[in-house]
Amino acid sequence: MSNFGEGGVGLFTFLETVFPPIPSEIILPLAGFLSQQGQMNFALIVLTSTLGAYLGAVLLYYLGAAFGMERSIRWLSRLPLVDRDDFEKAAGWFSRHGKSAIFFGRFIPGVRSLISLPAGAERMNLMTFSVFTVAGSVLWNLLLIGLGAALGTQYALIDKYSQYLNYSAYAAIVVVIALLIVRRIRRSRGSDHVGRNVEEG
């Protein structure tokens, strides 16, 4: 993270918006922690992370507007560890809550990354979409970066237990990836089973 700098934070948040398995809950607190250590600029982190999130959201918005909801879902669900159900949940959230889903969806993992797709497919006003997206992204990013900066004030304590924190982080990443893979395999098998039943019928 130190090598990538503030621009790298923006790149990570852009990728997290387009590719949900990349978690901002890990990236942004780490950036905040480094800002407290003087290795990054706090305000610039907030700016680049918000810009990255907005650009990623706009990309999905235009994808939904250009190709429609169904075609976009078919294409994006081919990405590794991304499931069709994730897109359908985001679409359901948007249909239930309308424009407010763009703002509040920024605080909900999964929905945060994919809510832009149904907004584009429904041709939501781009200015309204932009305002709600930027407002929600700024608040979410400030919260996570601020938490990381607050942890930075406890550097001595964190350094003391850093080895255990590293092991915990690695274990959490492995568990999350394993769960995503298992979910994809189970749903793939379920789809195959349904397909065979239809053919036999």
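Asn141 is buried, with a relative accessible area of 3% (buried means under 20%, exposed over 50%, partly exposed in between, with a 1.4 Å probe and protein chains only). The model is predicted: local features need pLDDT of at least 70, side-chain atom pairs count only at pLDDT 80 or more, and totals for chains, interfaces and linings use all residues. Residues are numbered from 1 along each chain as its sequence is written, and side-chain values use heavy atoms, without hydrogens and water.

**Exercise 1.** Describe the surroundings of Asn141.

*Solution.*
1. Asn141 lies in helix H9 (helices, H or I with at least four residues, are DSSP runs numbered from the N terminus).
2. Leaving aside residues up to four places away in sequence, Asn141 touches Leu28, Ser49, Thr50 and Gly146 (contact means heavy atoms within 4.5 Å).
3. With Ser49, there is a polar contact between the two side chains, at 3.2 Å (a pair of N or O atoms within 3.5 Å, of which one must be able to donate a hydrogen and the other to accept it; residues adjacent in sequence count only if both atoms are side-chain atoms).

**Exercise 2.** Characterise the largest cavity and its lining.

*Solution.*
1. The structure holds 1 cavity of 30 Å³ or more (a set of points on a 1 Å grid over the protein atoms alone where a 1.4 Å probe fits but cannot get out; lining residues have an atom within 4 Å of a point).
2. The volume of the largest cavity is about 60 Å³ (the space filled by probe spheres set on the points, which are joined across faces, edges and corners).
3. Of its 11 lining residues, Glu16, Ala53, Arg112, Trp140 and Asn141 are the closest to the centre.
4. The lining comprises 3 nonpolar, 5 polar and 3 charged residues (Ala, Val, Leu, Ile, Met, Phe, Trp, Tyr, Cys and Pro count as nonpolar, Asp, Glu, Lys and Arg as charged, the others, Gly among them, as polar).

**Exercise 3.** Classify the ring pairs of Phe107 with Phe103 and with Trp140.

*Solution.*
1. Rings of Phe, Tyr and Trp (its six-membered ring) pair if their centres lie within 6.5 Å; planes under 30 degrees apart count as stacked, over 60 as edge-to-face and the rest as tilted.
2. The structure holds 5 aromatic pairs. For Phe103 and Phe107, the centres are 5.5 Å apart and the planes at 70°, so the pair is edge-to-face.
3. The rings of Phe107 and Trp140 are also edge-to-face, because their planes stand at 80°, with centres 6.1 Å apart.
4. Phe103, Phe104, Phe107 and Trp140 form one aromatic cluster.

How values were computed
1 Å grid on protein atoms, 1.4 Å probe; cavity = no way out; pocket = protein on both sides within 12 Å on 5 of 7 lines; lining within 4 Å. Helix = DSSP H or I, 4+ residues; strand = E, 2+ residues; numbered from the N terminus.
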